[in-house]
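I opened this entry to keep track of what I looked up, one topic at a time. My topics are the nonpolar cores, a surface patch and the salt bridges.

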Amino acid sequence: MCQFLELSGLSAFVGASYGTQQGLNAALEEALVAVAEEQRAALARGMPHRDLTVCEDETFHPQMGLVALEPVSGFLLLEQYAADRQAATWTQALQEALVGLDVAVIQGTSDEAGALHRQVEVDLGVHHSPDLFPGQHEVSKATSLSLARQVRQAAATVVAAQQAWAVERAAQQAYENQSPRPRGRPPAFAARIHAAVSEVVQAEVAHTQAQARQSEARELVRELGIGYHPYDLERGQAQPVEPVAQRLNDVWTQLGRIAAAADLPTRARERLAKAQRLTTQLLATIPFFFATLQLQVEALALPPNLERALVEQLIPALYLERVAARSTHAEPRHRLRALSHQLLEPLRHGDHPLQALPSAERARLEQVAGECADRFQRSSSGVEGRNGQLALHHQGRHRLSNRKLAALTAVHNYHIRRADGTTAAERFFGRAHETLFTQALQRMPLPPRPARRRPRPPKPPYLMQVAA
């Protein structure tokens with residue numbers, strides 16, 4: 001900024017020294033934090049009650065930072081440095097962050113850190129939904145390296161066997177090309193070539209098996225994510241916990257078979273066992289999801305036919321739409337959106353009871369259905385992404401002060417907008433707010449004028465002649 005002011009000529013009107021710009025930057029950060037606090041208080045007044053899922057994780061810069069956000073809106077509830085990451089520290093920080101908000105935390109999503117488990121399940125007394133990715137990551141770490149090494153070794157064995165076969169054939173050809181041929185019984189080239197061919201076949205079979213194990217392990221990692229949903233992604237129907245449990249258990253059984261066939265090391269088997277222990281917690285989240293969904297729908301006091309339409313069609317359709325939006329491949333994305341459209345189509349007909357309701361009531365039902373679909377949280381990737389952003393800021397500045405961190409939080413919540421034009425605060429509170437920087441600039445002091453430059457006397461040459 002200092003160099004920009006100098007090169008643009010603005011330094012003739014605005015102070016361009018480091019001290020001046022540092023003071024303006026500090027004033028801007030203080031203004032951003034103050035405006036964010038005022039807007040939070042204004043938006044919190046009259047906000048409707050919300051049941052929250054909180055995603056939490058720590059970051060290190062190397063100071064220890066506690067970060068918690070609401071995953072649907074992306075609103076940062078907590079972002080601060082702390083002396084430790086014990087459960088009591090997490091609980092106190094989160095409770096202070098929620099002061100003044102009409103919210104109730106009913107679910108926490110995080111990795112398997114013991115402090116976060118205790119904070120969610122003991123201190124808050126709510127359901128803990130484990131992050132699926134750490135389990136998938138453990139499976140990948142347990143299988144990918146060893147299986148890839150076996151594929152490389154098997155490929156090298158195939159090349160060596162093919163070279164040995166080529167040597168035997170070359171030896172036979174050289175013998176037959178001799179004129180005259182040596183006396184005596186010729187070498188047993190046929191037996192040698194047959195043995196070499198057998199080695200090649202065995203090596204190729206082993207290579208194919210190693211590749212198949214590697215591909216199967218990769219598909220099983222994906223299967224963990226595909227199978228862990230409250231709704232069947234093929235039919236769009238609610239699936240009880242039993243088929244999900246069976247599907248996950250089949251994955252662990254096949255992974256165990258691969259581990260035995262590949263003779264994976266003990267450390268890899270321990271990783272697989274660690275990942276498998278997540279199954280109980282994963283399965284507990286599905287009945288929790290349906291129980292809270294049912295309570296929220298029953299609170300609407302709808303007629304049975306409308307309640308059935310919400311539970312069996314609208315909520316599954318919205319859930320499938322959300323899964324489709326997160327799909328990285330075109331084929332499942334298009335298929336899920338087509339299935340979602342198929343579930344929604346009967347609800348859009350003019351003769352459906354939903355269409356007889358006032359538009360405001362239909363909008364309210366759609367909002368509740370969306371909240372129910374968002375209730376199933378199996379990833380804390382939002383807070384992981386935020387930690388990555390903070391790491392980049394820290395890398396560029398080498399240290400983030402508490403004021404700088406609070407200013408970055410304010411920019412995230414009240415300035416950055418998604419493609420739909422909304423900020424995280426607007427999505428969280430359900431109301432629009434004034435522009436952050438418009439309010440902050442009203443508080444900013446005018447930049448000081450540059451100091452008057454005193455002319456410096458010219459420096460005489462060192463060898464200037466002195467009068468005698």
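The entries below follow that order.

**Entry 1, the cores.** I kept in mind throughout that this is a predicted model. I began with the largest nonpolar core, which has 56 residues, and I noted that Val139, Trp252, Leu255, Leu293, Leu314 and Ile315 are those with the most contacts inside it. I then looked up which elements give two or more residues to this core, and found helices H5 (132-177), H6 (189-227), H7 (241-262), H8 (266-276), H9 (279-298), H10 (304-326), H11 (330-344) and H12 (359-374). Of these, H10 gives the most, with eleven residues. For a closer view I took Leu293, and, leaving aside its neighbours within four places in sequence, I found Leu293 in contact with Tyr231, Val311, Ile315 and Cys372. Apart from this core lies another, of 37 residues, and I wrote down Val33, Ala44, Ala93 and Val411 as being among them.

**Entry 2, Arg386.** I next asked myself whether Arg386 is buried or exposed. Arg386 has a relative accessible area of 5%, and it counts as buried because that value is under the 20% cut-off. I located Arg386 in helix H13 (residues 381-397). Leaving aside its neighbours within four places in sequence, I found Arg386 in contact with Val67, Leu76, Glu79, Leu408, Thr409 and His412. With one of these, Glu79, Arg386 forms a salt bridge in which the closest N and O atoms are 2.8 Å apart. Glu79 lies in strand S3 (residues 75-82) and Arg386 in helix H13, so the pair ties together parts that are 307 residues apart in sequence. I also checked Glu79, which counts as buried at 10% relative accessibility.

**Entry 3, other salt bridges.** How many salt bridges does the count come to? I recorded 20 salt bridges. In one of them the side chains of Glu29 and Lys404 meet, at 2.5 Å from N to O. Because Glu29 lies in helix H2 and Lys404 in helix H14 (residues 402-414), this pair ties together parts that are 375 residues apart in sequence. Glu29 is buried, with a relative accessible area of 4%, and Lys404 also counts as buried, at 14% relative accessibility.

I then turned to Glu219 and Arg222, which form a salt bridge with the closest N and O atoms 2.7 Å apart. Why are Glu219 and Arg222 separated by about one helical turn? I put this down to their positions, because the two are three residues apart in helix H6. Glu219 counts as partly exposed at 47% relative accessibility, and Arg222 is likewise partly exposed, with a relative accessible area of 44%. I also noted a network of salt bridges that links Glu138, Lys141, Arg271 and Lys274.

**Entry 4, a surface patch.** Last, I looked up a nonpolar patch on the surface, and found that Met1, Phe4, Leu10 and Phe13 form it, with about 470 Å² of accessible area together. I followed Leu10 further and placed it in the loop between helix H1 (2-8) and helix H2 (18-44). Leu10 has a relative accessible area of 39%, and it is called partly exposed because that value falls between the cut-offs of 20% and 50%.

Terms used:
Residues numbered from 1 in each chain as written. Predicted model: local features only at pLDDT ≥ 70, side-chain atom pairs only at ≥ 80, totals over all residues. Heavy atoms only, no water. Core = buried A, V, L, I, M, F, W, Y, C linked by side-chain atoms within 4.5 Å. Buried < 20%, exposed > 50% of the residue type's maximum accessible area, 1.4 Å probe, protein only. Helix = DSSP H or I, 4+ residues; strand = E, 2+ residues; numbered from the N terminus. Contact = heavy atoms within 4.5 Å. Patch = residues over 30% accessible without salt bridge, like charges linked within 9 Å, V, L, I, M, F, W, Y side chains within 5 Å. Areas by Shrake-Rupley, 256 points an atom, 1.4 Å probe, with all protein chains shown as cover.
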